[in-house]
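Welcome to my notebook. I went through this structure one feature at a time and wrote down what I looked up.

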Amino acid sequence: MFMDNLNWKILKLLQQNSRMSNAEIGRRVGISSPAVNERIKKMEDAEIIEGYTTFVSPLETGYQLKAIITLRAFMGMLKPFLEKVKTYDEVVNCYRITGNENIVMEVVLKNQKHLESFIDQLITYGETKTQIVLSHVIKHSEIKPPKV
């Protein structure tokens, strides 16, 4: 799908507030509400818009730690881990990556004991490295048009 300037403006507004009405988006970008609706539908159909979500604060819901954990899978353990990782409630994001490690996970944990227990589960699949997140520098940054 061709992404014109108008679609990028609509995406920017939706990324700032996905609950904004089509009428409000239309007012801001200068087109009618039905035209906004049609453009959004086309972007959804093309999977440019993957879905709508609510951001939840782990700290306010009882989690005391956020960590980034990398895993370097043991020989023959990557595929089993790729299935197992989907079952861990602690994992909020997981990426398969290039380099020395195979996996990067963003996890939320109740406390240090929970972290230890979680790492104990992971080490059956490979070697781990853990970094505790102190704060967000960039959080939920919007996707912008590529620079040419």
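**Entry 1: the pockets**

I began with the second largest pocket, and I found it lined by S57, P58, L59, Y63, Q64, L65, K66, V133, L134, S135, H136 and K139. I should say right away that this is a predicted model. The space in this second largest pocket comes to about 250 Å³. I sorted its lining by class and got 6 nonpolar, 4 polar and 2 charged residues.

Next I turned to the largest pocket, whose volume is about 1100 Å³. Its lining has 34 residues, and those nearest the centre are G51, T53, F55, H140 and S141. I then asked which element gives the largest share of that lining. It is α1, with 5 residues. Helix α1 (5-16), β2 and β3 each give at least two lining residues. By class I noted 14 nonpolar, 13 polar and 7 charged residues around the largest pocket.

**Entry 2: strand β3**

Since β3 had come up in the pocket lining, I followed this strand further. Are its residues buried or exposed? I found 7 of the 7 residues of β3 (residues 103-109) buried, so the strand is largely enclosed by the rest of the structure.

I also looked at which way the side chains point. In a regular strand they alternate between the two faces of the sheet. Here I103, M105, V107 and L109 point one way, while V104, E106 and V108 point the other way. E106 is buried along with the others in that list.

Then I looked up the partners of β3. Strand β1 (residues 65-73) pairs with β3 in the antiparallel sense, over 7 bridges. Within that pairing, A67 has V107 as its bridge partner. Strand β2 (residues 91-96) is also antiparallel to β3, with 5 bridges. There I found C94 opposite M105. The hairpin of β2 and β3 has 6 residues between the strands, and G99 in this hairpin takes a positive phi near 105°.

**Entry 3: positive phi outside glycine**

That glycine sent me looking for other residues with positive phi. Most residues other than glycine have a negative phi. I noted E47, which is not a glycine yet has a positive phi of about 60°. E47 sits in the loop between α3 (33-45) and β1, and it counts as exposed at 64% relative accessibility.

H140 is another such residue, with a positive phi of about 55°. I placed H140 in the segment after β4 (126-132). H140 is partly exposed, at 48% relative accessibility. I had already met H140 among the residues nearest the centre of the largest pocket.

**Entry 4: aromatic pairs**

How many aromatic pairs does a search of the whole structure find? I got 2. One that I wrote down is Y88 with F118, an edge-to-face pair with 5.1 Å centre to centre and 80° between the planes. Y88 lies in the loop between α4 (78-84) and β2, and F118 lies in helix α5 (residues 112-122), so the pair ties together parts that are 30 residues apart in sequence. Both Y88 and F118 are buried.

**Entry 5: salt bridges**

Side chains of opposite charge can pair when their charged atoms come close. I counted 9 salt bridges here, and I followed up a few.

R39 and D4 meet at 3.1 Å, N to O. This pair links distant parts of the chain, with R39 in helix α3 and D4 in the segment before α1, 35 residues apart. R39 is partly exposed at 23% relative accessible area, and D4 is partly exposed at 22%.

R27 and E24 form a salt bridge too, their closest N and O atoms being 3.1 Å apart. Both lie in helix α2 (residues 22-29), 3 residues apart, which is about one turn of the helix. R27 counts as exposed at 60%, whereas E24 is partly exposed at 23%. I also found that E24, R27 and R28 are linked in a network of salt bridges.

My last look was at E38 and K42, whose side chains meet at 3.4 Å, N to O. They are 4 residues apart in helix α3, so about one helical turn separates them. E38 is partly exposed at 46%, and K42 is partly exposed at 46%.

Conventions:
Residues numbered from 1 in each chain as written. Predicted model: local features only at pLDDT ≥ 70, side-chain atom pairs only at ≥ 80, totals over all residues. Heavy atoms only, no water. Buried < 20%, exposed > 50% of the residue type's maximum accessible area, 1.4 Å probe, protein only. Pairing = 2+ DSSP bridges. Phe/Tyr/Trp six-rings, centres within 6.5 Å; stacked < 30°, edge-to-face > 60°. 1 Å grid on protein atoms, 1.4 Å probe; cavity = no way out; pocket = protein on both sides within 12 Å on 5 of 7 lines; lining within 4 Å. Points joined across faces, edges and corners; volume = space filled by probe spheres on them. Nonpolar A, V, L, I, M, F, W, Y, C, P; charged D, E, K, R; others polar. Salt bridge = Lys/Arg side-chain N within 4 Å of Asp/Glu carboxyl O.
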